[in-house]
Amino acid sequence: QDARARQRLAAAVLGRLPRVGDPGSYFVWLPLAEEVRADRVAMALEREGVSVSTAEPFATSAHVPHAIRLALGSVAPEALRQALAKVRQAIENHTDC
């Protein structure tokens, strides 16, 4: 139930950002637009004190998807909410509108 609650929190905070993940999982993938570089988003978040993974360590072919992976289970819910808001803002800041 905890994982499901955290997935619901992620959905609420991340809003319309695309998400890929199982509702019972403590992880969620955020696919990024082609113009958004996952490494830049990850570095911006690191400066904000939020650690995420790019898809590179998980890629099984030469093509690395434009995506970041979030772990939802390692922090208290309020800290998670704040981190997810920073994730959303970082992605929005790196998206050409």
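## Buried, exposed or in between

A residue is called buried when its relative accessible area is under 20%, exposed when that value is over 50%, and partly exposed in between. Keep those cut-offs in mind as you look at this structure, which is a predicted model.

Try the scale on Asp 2 first. Its relative accessibility is 37%, so Asp 2 falls between the two cut-offs and counts as partly exposed. Arg 6 has a relative accessible area of 9%, and because this is under 20%, Arg 6 is buried.

## The nonpolar core

Now let's look inside. In soluble globular proteins, nonpolar side chains tend to be buried together. Here, the largest nonpolar core holds 24 residues. Ile 68, Leu 70, Leu 84 and Val 87 are the ones with the most contacts inside this core.

Which parts of the chain supply at least two residues each? Three helices do so, namely H1 (2-14), H2 (38-47) and H3 (77-93), along with the strands E1 (27-31) and E3 (67-71). Helix H3 gives the largest share, with six residues.

Val 87 is a good place to zoom in. Setting aside neighbours within four places in sequence, Val 87 is in contact with Leu 14, Leu 30, Leu 45, Val 50, Val 52, Ile 68 and Leu 70. Two of these partners, Ile 68 and Leu 70, you have already met among the residues with the most contacts inside the core.

## A salt bridge in helix H1

How many salt bridges does a search of the whole structure find? The search finds four, and three of them are described below.

Let's return to Asp 2 and Arg 6. Their side chains meet in a salt bridge, with 2.9 Å from N to O. Both residues belong to helix H1 and sit four residues apart, which is about one turn of the helix. This bridge joins a partly exposed residue, Asp 2, to a buried one, Arg 6.

## Two salt bridges in helix H3

Helix H3 has salt bridges to show as well. The side chains of Glu 78 and Arg 81 meet in one of them, at 3.5 Å from N to O. These two are three residues apart in the helix, so about one helical turn separates them. Glu 78 is partly exposed at 45%, and Arg 81 is partly exposed at 39%.

Further along, Arg 88 pairs with Glu 92, and their closest N and O atoms are 3.7 Å apart. Being four residues apart in H3, Arg 88 and Glu 92 are also separated by about one helical turn. Arg 88 is partly exposed, with a relative accessible area of 31%, and Glu 92 is partly exposed at 37%.

Key
Residues are numbered from 1 along each chain as its sequence is written. This is a predicted model: local features need pLDDT of at least 70, side-chain atom pairs count only at pLDDT 80 or more; totals for chains, interfaces and linings use all residues. Side-chain values use heavy atoms; hydrogens and water are left out. A nonpolar core is a set of buried Ala, Val, Leu, Ile, Met, Phe, Trp, Tyr and Cys residues joined through side-chain atoms within 4.5 Å. Buried means under 20% relative accessible area, exposed over 50%, partly exposed in between (1.4 Å probe, protein chains only). Contact means heavy atoms within 4.5 Å.
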